[in-house]
Structures are given as C-alpha cells and as structure tokens.
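Notebook open, coffee poured. I want to go through the whole chain, then settle on one stretch of it.

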Amino acid sequence: MPLSLRYMYLILIAVLLGALLPIAGCIPESEAASVDQNKTTMSVNLTYYTEQLPPYNYMENGTLKGISVDILEAVSKKMGKKVTREEINLVPWTEGYQNVLSHNNTILFTTVRIPEREQSFKWVGPIYTYTNVLFARPDSGITIESPEDLKKYRIGVIVDDIAVQQLLNAGVNKSQLVQETNASAIIEKLNNGEIDLWAYPEAAGRYLTEQVTGNSYSFKVVFKLQDLEGYYAFNKNVSDSMVMSFQQALDAIKEEKDSAGISTYYRILGRYIPSIGLAQLNYLTEEWAPFNYQEDGNVTGISVELLESIFKNVGVNRSRADVRIVPLAEGFQIAQNNTSTVLFSIVRTPEREPLYKWAGPFTKASFVLYAPVRSNITISSSEDLNKYRIGVVNASIENDLLANQGVNKSQIVNGQTPEDLLRMLEEGKIDLWATGDLAGRYQMLKTSENPNAYKIVYTLSENDFYYIFSKDVPDAIVSAFEQAIETARNQKDEQGVSDYERIIYRNLGVGCAQQTFTNDAVVKLVNTTAAAVEKNASDTFQRINAGEAPYRDAEDPALYTFVYDENMTIVAHADNVQLVGKNFKGKTDVTGKPFRDEILEGALKNGTGWVDYVYMHPVQTNLYYKTTYYRLTNGSDGKSYIVCSGNYKNCQNQSEVTLTNNTTASPEELVAFVEKAFEYAHENGQEAALREFNNQTGKFVDGDLYIFAYDINGTALALPFQPEVVGTNRWNLTDANGTLVTQDLISTAQSGGGFVRYLYTDPADNFTVKQKLSYVMMVNQSWILGSGIYNPPENSPIVNVGTDPKVREGLKSFVGEAISYANTNGKDAVIAEFNNQNGTFVRDNLYVYASDYNGTALALPYQPELIGKDLSGLQDLYGVNYIRVQIFLAQQGGGFVFYHYYNPAHNMTLEPKMSYVQKVDDTWWLGAGTYIEDLNQTTQQT
C-alpha cells in the first residue's frame, strides 16, 4: 500500500507531541486512579462507524485495518470484550457522522475534535495527529503562499469533513467548496479540471489517488492546513463511565511496555507509520564492499548511505550506527525467524522469494571470477569451471550462480568473508574467487599486497540488489520503505540532483546502459509530442504526466517524454511527475554539468539538437550516460515549450564516452593534457576540478587519457574509471614489480613534477595490467594530479629529458643562481642584466626570463619587443596556456613545465622546451629552460 513518506513524518511529530501534551477530555487523574483496570467492562453494546481514510481506518483486500481500528481492538480487549473488525461499519464519512449524531450507543472514528463539535459528542483520545493538505494537478501552475490565495480557486471537499470548517475559518467562501460524499468523485473532478484543489489528508489522498489514477503522485501538495487531532467520538447518550473506561484503557496501552521497552500503542503505530515502524526494526548487513562494509570502525557503502537517506526522508531516528555487520549465513537465519529484521544487500532468487518480503531493487552489479595473473587461467565456457577450485562466501548468491553454470559442489570452497577468500587465493588454496566485480576489487585494494596481481577471467551474471524484511514486518512498512527508495531517486535537491544519484556517483560512478531502442525512435517521439502540444497543450501535458502512450513506452519505459517551458520549468514528465512544476534553470546533473541550460540555449538558438549528460535509468538501476534530443515548439496556448526525449548510451558504440585502445596519446600529448588539468584546477578550485576529473564524460577524459589525483598522504581524490577507490588511502600501493606507485607519484610531483613508470590496470582493456607512463604535477601543497598512457614508446625525447636528473638539477641550479643574484642586487638591476644578451644569465640558448603574476614580460633577452607586454594568453601547439601554468607553478613555490617556444639557436624555430620556474617574491617570478631538440642532438653527437 503506497503511503506518503513526508506525511508520515508529520504524523510522527504530531503523535509524539500528542503523547506528551495533556489529553483534552480525559478524566481527572484522581478519578482515573480510582478505576480498576481489570474490572472495566463493555456494559452495553455499541455500534461503530468509520470511513475509508488510510492509514487510520480503511478496507484493504477485504480486511478492515488501520491505526484507529487496531487501537480500538486493543482497548476493547483490555476492557474485557474485544471488538471484532466485522462489528465496525465502513461507510461514507457524512453517513457515519450523521448516524452518530442521531443514534444512541454509537461511536464514530476517526473524528477531529474542534470547538464547533465539542458539545455534539463525548470524546476519547487523542488517537493521533494528522494534517489536511490541498492537492492540485502538477501542470496547474497553482501556488498557495497564504490562506488569502485560496479565495481564487474551486476546492473539492467531503461533506461534513473537518476540512470544510478549516477552509471556512481560513476565509474561503462556501460557494467555492464543491462537496461530495466520496473521494473518488473529487479525484475525477480534479483530474478533469472541474475543480482546482482538493482538501484531504496527504497519506489518505495519495492512497486513494493511486486507486483512481494508477499513480499516487498524480497530484502535488500546494498548501498545508492546521494540524488536527483525531478521537473516538461517542454519541451523547453513552454513559460517562463507559467513556471513562475507554479513556483509561487507551491511556493504559500507551503506558504498558514490552520487553523491548515499546508500548502497545507505539507497536500499533509502527504497523502503519513508517517513521515509527522503521525505527523498531533490526538492521543487518554483511561485509561486501562497496555496497556494505566496515571502514575505520563505521559501517558504510552504497546500501548504508541509501538507508540513511531513507531514514532522513521518512523521519526515522536511526543511523548507520544501528546497522550491524554479520556473516551472511547468520543474517539469513535471523531474518527467517520473524525477528523484525532488515538484511541487505541481497540478490532476489526464486528460492529466496517466499522466505522474505522485498524492497527494491536499488542498484546492480556483476558477479565474476577473479584469478591470479600469474596463473594464466582462461575460461572459454562454463564447462571449464569444473577444472578449478572456486572460493565463495558461505550462503552467498555466488553458490547459486555457480550451480546454475553446472559447477560441482566438490569444486566449491566456502569462506566466511571476502578477506578470507582473497587470502586463500593468495595462498593457492583456491584457483578462482567468485565475487562481485567491485567487491573483489575493493578487497584487493584494501588487503592485498599487490592489488594488480589479479584479473577477471569470467563473468557469471549481472544482478539487482534488494533490502529484505523478515515476514513479520507489516506490508505497509515494507511498501513505505520501497517508496522511500523511489523518493531518494526522484526528489531533487537545490542543485537538481537526488540523494540516490549522489550515492551511486560517489561509490560506483557512471555506467553504460544496454541500449534497447534507437535514436530515431527518440526523434520520432519528440516530433509526435511536439505536434500534440501544438494541437492541445493542456490535454497533452495531462496525458504525459499520467504516463500514457505514446508519451511513455509501455514495453520500454526508458523511452519517455518530458517538456520544459522557456523558463526551464518542467510542465510535463512521463517518468517522474514529482518534477512537474519545478524550475531547473542553472541546475546540473550529478557531475556538475548544467545540461538543461544547454538544452535551453540550443533550443532558442537552433530549434533542435542533442545534449549529453548523466542521468538515472528508470529500469536498469544506477547512473548512465544519456543523450537527449530536444525541439522548440509553440503550444496551442500561445506559449513556447521545449519537448525532449533521450536515449541511454551503449558505450561500445559511443567513442566519445568510453576509453578506446585505438587512440594512444604521445608523451607530448600526455604532458599537455596534465598541464591543462593543472590550469583548470587553479582556475576553478579543488572541489569543482575533482568533480570534473571524476566525470567519465567530462573534458578530462580523452581517448586513453584521464586525470587521476591524490592528496599528499596517498588518498585517492580522482579516478574516474575506479570510483570505488576514490576516498581510499593507497600510500602502500605497489605494482607487480614492487614499485611503490603512489609514493613515487607524490614524491615526483613534490620535486617539481615529472614522469613515473610502473605497471597498472587499463580500464579500456578490461583492466588488464600494462606498462604505464604517467606525468604528475603538484597542484598545491596538499594534492597532486596526473595522467598516463599505456605501453608507452621505449625511447621518447621528452621523457628522456624530463627524467634526466642532470638536466633537472642543472635547471634548478641555474634558476636558483638567478634568484640569489636578484635578492642581492635588486629587481631593476637584475632585470636589466637578464635582458642583456651578452650578460651573465644568457648562456647560448639557456637564458633567464622573468614575468610578473599578471603575465607581463619583464625579461626576454631574445625578444625585447615583448617586454612590458601581457603574454598571459599565449598557447603552444597543444593549446597549453603555458604562461598561466608557469605563473601558478611559481606562486606555489616552483616546478617544471613543458611547452613549445622559439629557439634562438635555430633562428627562433618553435621547438619543445622544458623549463623550471620559481618565485622571486610576491611581485615577480623567473624561469629558465632547455630545448629538448638541442639536448637530443648533443646526446647523439656524444
């Protein structure tokens, strides 16, 4: 049963307040104390009336249930005569209301107690607190800032409902109210535009809306009325002693507590109110990174972060500190014993299906077989698997997957944890390890001496993951939890990104979806929708928001339409109606790309076009690359709209998305790529730069080049194709040759920047271990960045020069000599000396040059015409703004830079050059460089 989570949160607050506040209408304390609870009885037969108002009183699958129904059952049982559900009459509200006003020995619930009704009934309660809201169609454009705004609209209400009085008290004219005896009629009128607003409790409204329209979010909440308290309302002729007994029994179930310290009253609330029910459950998980695992004493991972998001959105007073890690087999055993337990992350199988209740899926991953690289094991088909001993976690899904592949039980070796199995693989006690691709990689990075010593040799399957609940957890709570997952997916924050998107991006990064329809189908859908908008905009938007065909493909829900107005407000969305009415101008995808602004700019400029970005897939869980086609059109209402639809990218067919082995960069291109990233980091700041570096479709993923980054302690800050590694410390990471890779990268960057050779996995080739040449630079005193190429050329002039310690130290010494001279003789005198082609600091084509921090040239002995000119915009052949790079390097203390410049020894020919720059003081800096071709010629002559 779908419930509104936000509304449930309000209920929790109100219930807590109601439990703490003095109860209106209760008998005096002294009188209550004199009543013997064990002797209270139902002295007369009463007739009970209620209405369809979930989650408080309602009929579902032929059974009457709800908070008020269950509490009545507990109260009457305590009074000695349990009221059965069959004795309760479910009727339209106005019928029950009038019956209890006019017939003796009757009770109506749940009834709001207000001054206007005080003398009409006798009261027992409060039962709970709830709030009436005003619903509107998402495409109505209605906003209510204050009760005064309500006077503009026709409002649907139930006859005799408390909302009528609330609206009249708020100043609404009675002529504005459209009164019906059942909610279904009001829903139909709101849907058809016969009324503008509907006043009703939010949770009940969502429930009934889904029954009528098929979507609980067909309407949006635009205003909330005053909180209300619900009671049992007795006909006036019911004796005071009977009412007193009811009140005392209700008070008793609020006070008495079970062995867990939870009262009967709160147990009942926990069956229906997610904020209370979810707080009463036990939460278990296993060690299975990056989905759920322990790090630094804390439980973390994708599923744990999502669980905390659910707690936050629902209003559950729990956190990751309440999650306990246990062996998976133990978790299954506990969850099967009706212990109010949640266990995660679990793959759904036919064998497990009937044993639990399920919520999800919330993400997916591949299950694979890892083997040591040295073993040279290859798996051509499932028949090969029986040749090897395969390790799996006891009771894990990998056991079933291997059995499905025909693996004999005798070949399967069970362990308790991933760490146990990796140790067995390292020690040769098993040949293969069956695990999740990401989980296995995480464990290797965490505990293996050489994480690159293993490779994936076979893929078993790709599976979705769920949270499972023991069978005693109420369906309403499981359903609310599942809806909370969707809330985490669909509710966007101020940046335009959902909690779910941030969690997946932070832990898994972005993937490529299985493409199930063509881009031509996308264009066709946009054109069809645009034509419909031009003919009848209002009707089309309503049909889109209802998810009707053709605006959402019933067989392939990933093909759907969404529409913006010219202000970038979504007016229709076939996949997520909750976004309708929200403005997304200036908002971004999870990588920080303002793709909607690009859609708007392109539509206004060109009419149609395509935009790439990262977005959730409605069927295949996780984040994927998406390309959207847009078209500007004029609606029948005279307004302009941008009609859109998109396709999720299949990376095998999208060279601009994936890395390829066909575009190997040269060492020169590698250096230029890193220097551009260095400049970007200084101009945009660390946070924005790391966001871009971690974006697999960003400007710093180009062919086989991508930027990585570490802090100086070895913690990974950017690894776009290994997002599970970001945030982990890799100080002791070694390659197959024992090279301390991370330490070498950091020390080289700290020495001024340069090249490092080592072995590393290639993400463009299934993470195969290869020779890698990286170039690194120190961004500031706290972090470094770099990039690399695989299987680099054995002999490269730029690498030879860049790694020659004699050349590097020679440049540093020459620059240091010039700085000492400057500090001794004063700025003006030394600048004159630096500009003298016959001076001390011009030694053939090795000379000192100088600049201020704005890029103004102060010394260039072979180009005096440039003195005093702003050179900050200069770029070399690869587009490197080398003056700005040198300025940033000098400001942070100094470093090496490669670029192309004019060689005075070769008639000012443009040639590759390596320079070292250093700060003189806060007003200027200087540098000196050597031309790489000159050094190579010298080496060859020698």
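How many Å apart are the mean positions of the positive and negative charges of the chain? I get 4 Å, with 77 positive and 110 negative charges going into it. Note to self: this is a predicted model.

Next, the overall picture. I count 28 helices and 38 strands in the chain. The C-alpha trace spans about 115 × 70 × 60 Å along its principal axes. I looked up burial too: 58% of the 942 residues count as buried. The exposed area of the chain comes to about 37,300 Å², and carbon and sulfur atoms supply 45% of that. For contacts between residues at least 6 apart in sequence, I find that 67% join residues at least 24 apart.

Then I went to helix 27, residues 882–891. Eight of its 10 residues are buried, so I note helix 27 as largely enclosed by the rest of the structure. The buried ones are Tyr882, Ile883, Val885, Gln886, Ile887, Phe888, Leu889 and Ala890. Just after helix 27 I came to glycine 893, which takes a positive phi of about 125 degrees.

Last stop was tyrosine 902, in strand 36 (residues 895–903). Is tyrosine 902 buried or exposed? I have to write partly exposed, because its relative accessibility is 35%, and that class runs between the 20% and 50% cut-offs. Tyr902 also turned up in a nonpolar surface patch with Leu877, Tyr878 and Leu910. Together the four have about 360 Å² of accessible area.

Definitions and conventions. Residues numbered from 1 in each chain as written. Predicted model: local features only at pLDDT ≥ 70, side-chain atom pairs only at ≥ 80, totals over all residues. Heavy atoms only, no water. Patch = residues over 30% accessible without salt bridge, like charges linked within 9 Å, V, L, I, M, F, W, Y side chains within 5 Å. Areas by Shrake-Rupley, 256 points an atom, 1.4 Å probe, with all protein chains shown as cover. Salt bridge = Lys/Arg side-chain N within 4 Å of Asp/Glu carboxyl O. Helix = DSSP H or I, 4+ residues; strand = E, 2+ residues; numbered from the N terminus. Buried < 20%, exposed > 50% of the residue type's maximum accessible area, 1.4 Å probe, protein only. Contact = heavy atoms within 4.5 Å. Lys, Arg positive; Asp, Glu negative; His and termini not counted. Charge placed at Lys NZ, Arg CZ, Asp CG, Glu CD.
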